[in-house]
Amino acid sequence: MVVLRYMRRPFFAIVLVYAVGITGMALIPGRDVDGNPEYMSLFHAFYFFTYTATTTGFGEIPSEFSDQQRLWAIFCLYTGVIAWFYAIGSTIRLLQNPHFIQAVNERSFARTVKRISEPFFIICGFGDTGSLLARGLSDHGLAAVIIDSDLERIKALGLRDYKIRMPGLCADASVPKHLVDAGVKQSNCKGVVVLINDEDVSLKITVMAKFLNPDVKVVCSSTSLRHEEHLKEMGNVTVIDPFEIFAQLLSMAITHPWLHNLNSWLVRAHGVQLGNPLNVPTGDWILCGYGRMGQWIDKYMVGQGVRSTIIDPDAEETAAAGRLIRAHADRKTLERAGVEKAAGIVACTNSDSDNLSILLNVQALNPDAFSIVRQNNHENQLAFDAASANLTLQSSLTTARRILKYLISPLIQTLIDHLRTQDEAATQYLIRRLNNAVGERIPHLWRANLCDSEAAAATQLLKAGGELRLEDLIKNPQQPTHALASVPLMIQRDGQCIMLPDDSEQVLRGDEIVFCGTEQGERMLLANLNNPYTLYYLATGIDPPRGYFFSWLARRIKTRDMAPA
Amino acid sequence: MNLERVIFGFFILLALTLNFVFVVGEIDNYKHHNVWVLTIAILVSLIATGLKLGDRTQVGALLLAASLVTDLLLITARIIWIVAKTDVGLAPEAMVTIVSIAAGALVANIVSAVILIGDTLMSRR
């Protein structure tokens, strides 16, 4: 409608010019072939004006013009053409108006979002973390809608080769209208992910999202402790602090190396081999940089009883008394901190060049030390790859992985927490099993739902009073002695969660089973769950008769055998 | 070896071969095509259809559909034979229609057999 209001003036201009031109043309006498005076009909006048004003110029139709007519034709031509240019110019100006473009983009974005039928997430902020997260979601076949206030990032989004189409809007996500456009009120919106460094904006988005749809999951990356506390007060908001997560993972690597290995493998961390855990030494450590990451790591290290010397020029004297060296982490300071004897070193200042130079010094002074380095900027990836530290923390990657895990398979975290309370042997057993099933391939997590629509054959068999065990489901129908590449991790039943169920566990209708394996494993398992004959064969070892006739025959033979001779 | 699969395979392949036996020959020469073979082919095809009833898989549904097509075409061919028959045999025009319809049924029979073989090879046990 805005368009029509904007076009009112050019429209009136054209109507006026046409009216004057056509009326004049109809009133001015012409001559027919015999020289008698003749007036142009209104229709012919309109026809003449149309081709004249649009500069088509068919000539003098229907008969040669008189001089008066020609005079008027000149007038018609100039006014008509000017009116058209004016109208076209106005339209082009409107189309180039940035506000108009924004309005059109918003509308088409809202329409695209409304048409999404599968579950989707809203990602606010498309920086390093946002694009990693979008990539991860796309790899798992999940849709996302992206809002960022930076036009360049939204333009870049259009060039990504995601498997799933991700609509993007350049707008301020803290404006409620834009959140609604992004589908926050839609029932298939499964979560809002806020990845914005500005605390106020990120807080505002969280509040707006909560107001607009109280049921929606909100995940927020934290930027400071104060911010984190604000967010936690809101309830039902998951706050992701990459530094704390990294410190937790590090402490897990010290106490539960196998579990740490399993976790990194499940989140598809780069270069992780299943069954090849990191060996983090527990001797004396050196911590360069006592910012947020340094403090978190120190806290968890102290918790594990690991002593560390801290080097930071700006740290307060009172923090970590007795262990603090207030200096830049150059070669001399490192030597003073005892780098030759250190078991490990953490370079976690907020400057990539400082971190890399610390790493260089350490590799020269004590090449055996376990090195952990913080990478602040995604662009420096190549340099960090070349530095080959034992562990690299890239906060955007850590955040993206954790959010992905939380959104896609929140139960995996439960499993990891469960395994933490168990004996290390349980983890090792699971790792061996996963290694056999998946090996070098990419791990794939999925959930099999034993309901009528997703596992028709299984529910039928169970309804008919049959029994199914977990091991029956994962047999390979082509070689029943072999298992498919699917390892059951847990069963959800009546709100309860059975962790690492035994293979002889009976499955029931309505169970939700979480598997880890390969994508092919999932397809084969789904085929098992939906083919009544295969499933019966796997469960009993007997090929059931197919079709009415053979079923009848089988029943006949059975009753005859049972009857006394 | 599974007796059920033997019987099932036997009828499907027999239906195919009988159909072929009927179709072979000059297309318009009624002496090259035996009405008895056509009738038996219909019978065997009907039995095969019966055996396919009640299979709850996708493959089973496809097999049944192919069988129904065969029945329909062969029975049509037989009816045309009855209608067009005169004392001196069949006119070449009528014979062409009958044999080409039976050839259509042959295609459906081939599809049936291919599905059966594919399904058996897939299960590999």
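**Close-up views of a predicted model**

**View 1. An aromatic pair between helices α2 and α3 of chain A in the predicted model.** A:Tyr18 has a relative accessible area of 13% and is therefore buried, the cut-off being under 20%. A:Phe46, at 41% relative accessibility, counts as partly exposed. Over all chains, 16 aromatic pairs are found in the whole structure. A:Tyr18 and A:Phe46 form a tilted aromatic pair, with 6.3 Å from centre to centre and 55 degrees between the planes. This pair links distant parts of the chain, since A:Tyr18 belongs to helix α2 (residues 8-27) and A:Phe46 to helix α3 (residues 42-53), 28 residues apart.

**View 2. A cluster of aromatic rings in chain A.** Ring pairs join A:Tyr47, A:Phe48, A:Tyr51, A:Phe58 and A:Phe65 into this cluster.

**View 3. The open six-stranded sheet of chain A.** The strands are paired in parallel and follow the order β5-β4-β3-β6-β7-β8. Strands β5 (168-170) and β8 (237-240) stand at the edges, each with a single partner strand, so that one side of each is left without a neighbour in the sheet. From one strand to the next, the twist averages 15 degrees. Within the sheet, β3 (residues 120-124) and β4 (residues 143-148) run parallel and are joined by five bridges, and A:Phe120 has A:Ala143 in β4 as its bridge partner.

**View 4. Helices α9 and α17 against the sheet of chain A.** Helix α9 (residues 199-212) lies across β3, β6 (189-194), β7 (217-221) and β8, running at about 175 degrees to β7. Helix α17 (residues 395-408) packs on the sheet, where it touches β3, β6, β7 and β8, and its direction makes about 170 degrees with that of β7. The charged end of A:Lys217 sits over the ring of A:Tyr406, 5.0 Å from the ring centre.

**View 5. Helix α23 of chain A and its surroundings.** Seven of the nine residues of helix α23 (residues 532-540) are buried, so this helix is largely enclosed by the rest of the structure. The buried residues are A:Pro532, A:Tyr533, A:Thr534, A:Leu535, A:Tyr537, A:Leu538 and A:Ala539, and the elements of chain A that cover them include α20 (456-463), α21 (470-473), β16 (475-476), β17 (479-483), α22 (519-530) and α24 (547-562). At the N-terminal end of α23, A:Asn531 acts as a cap, with a side-chain oxygen 3.0 Å from the backbone nitrogen of A:Tyr533. Just after the helix, A:Gly541 adopts a positive phi of about 80 degrees. The ring of A:Tyr533 also has the charged end of B:Arg56 over it, 5.8 Å from the ring centre.

Methods:
Residues numbered from 1 in each chain as written. Chains lettered and ligands numbered in written order. Predicted model: local features only at pLDDT ≥ 70, side-chain atom pairs only at ≥ 80, totals over all residues. Heavy atoms only, no water. Pairing = 2+ DSSP bridges. Helix = DSSP H or I, 4+ residues; strand = E, 2+ residues; numbered from the N terminus. Axes fitted to C-alpha atoms, helices over the stretch in contact; angles between N-to-C directions. Contact = heavy atoms within 4.5 Å. Buried < 20%, exposed > 50% of the residue type's maximum accessible area, 1.4 Å probe, protein only. Polar contact = N/O pair within 3.5 Å; in protein donor to acceptor, adjacent residues only side chain to side chain. Phe/Tyr/Trp six-rings, centres within 6.5 Å; stacked < 30°, edge-to-face > 60°. Lys NZ or Arg CZ within 6 Å of the ring centre and 35° of its normal.
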